[in-house]
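Hi,

Here is the structure I promised to pass on to you. Have a look when you get a moment; my notes follow below.

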Amino acid sequence: MLGYGPAPMGNVQHGDASVAFGDDGSGEPLVLLHGTTSSRDSFQLVTPALVGHLRIVCPEMPGSGQTFAPDRHLEIDELVAQTVAVADHLGLERFHVGGWSLGAVVAAAVAAAVGPRVKSLTIINGWATTDARMRFTFDLWARLIETDPSLFARYAFADGMTLAGHEAMGAMLEALVGVTADGLAPGSLRQIELDGRVDIADRLAAIVAPTLVIGGIEDRWVDIAHSRQLASSITGARLVELACGHLIPTEQAAELAELLLAHVDSHR
């Protein structure tokens, strides 16, 4: 995907990974975590509305953007540790955290791990435990990428967006398929393998940050039931259901930016 702008990049060494991150804007720090197969560019349509109000820090997962992909399985705990390492490197004693898709899983795990350091948590298209249908879907993702990245990209838009999204994009969608295929993270298969075995259900009770859960009613990859389950399992969490599929940062970027800003503003 295309980048959202010339945000300064940095990196911090943590274990065997040099973790890259974008750092843009000023004010309350919001750490935003991207999803599988992508990079900080996941938020390219969201970030412009945020950087005038907040400091946006976007770490990149192993195998995404400028973060090296180790030749081994990834684990939620190491992604949590890498996120905290970026926050420590930047001197963020307290911060807001949000994530989309796999990034939402990591964001929730960060909030559980560091407790009151997290001022607010936003979970977008997230889940606590991968179910059987999701495992089947993630396996399909991997097979499509190995066969032809452009097929995966075409499928991602076909299944990840609503009819309204397709109608709004029109002919532009064909160009986005090629851009998305070319921009697939080199570490996508490692990230997908982790998707298939996510289970953070036992961590949810440890989350004390004010939590906003955002789900897509038409999400075919992470059923809205997962957002509802997260909201009911995290003390005091608020649930917002959007008429959208899984690609909320692309299809409903303006609405997502408004929700993020309002949630952060309420918990400064």
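Strands β1 (residues 9-14) and β2 (residues 17-25) run antiparallel to each other and pair over 6 bridges. Bear in mind that this is a predicted model. The two strands make a hairpin, with 2 residues between β1 and β2. One residue to look at in that turn is Gly15, whose phi is positive, at about 60°. Further along the pairing, Met9 sits opposite Gly22 of β2.

Now to the core. The largest nonpolar core counts 90 residues, and Leu50, Ile76 and Leu121 have the most contacts inside it. Helix α2 (residues 102-114) supplies the largest share of this core, with 11 residues. In soluble globular proteins, nonpolar side chains do tend to be buried together. If you centre your view on Leu121 and skip residues up to four places away in sequence, you will find it touching Val97, Ala107, Ala108, Ala111, Ile207, Ala209, Pro210, Thr211, Leu212 and His263.

The other residue I would like to show you is Gln191, which lies in helix α7 (residues 188-195). Is Gln191 buried or exposed? Its relative accessible area is 0%, and because buried means under 20%, Gln191 counts as buried. Its side chain reaches the backbone nitrogen of Thr37 at 2.9 Å. Beyond its neighbours within four places in sequence, Gln191 is also in contact with several other residues, among them Gly35, Thr36, Ser38, Met61, Pro62, Leu102 and Ala185.

Happy browsing, and best wishes

Technical notes:
Residues numbered from 1 in each chain as written. Predicted model: local features only at pLDDT ≥ 70, side-chain atom pairs only at ≥ 80, totals over all residues. Heavy atoms only, no water. Helix = DSSP H or I, 4+ residues; strand = E, 2+ residues; numbered from the N terminus. Buried < 20%, exposed > 50% of the residue type's maximum accessible area, 1.4 Å probe, protein only. Polar contact = N/O pair within 3.5 Å; in protein donor to acceptor, adjacent residues only side chain to side chain. Contact = heavy atoms within 4.5 Å. Core = buried A, V, L, I, M, F, W, Y, C linked by side-chain atoms within 4.5 Å. Pairing = 2+ DSSP bridges.
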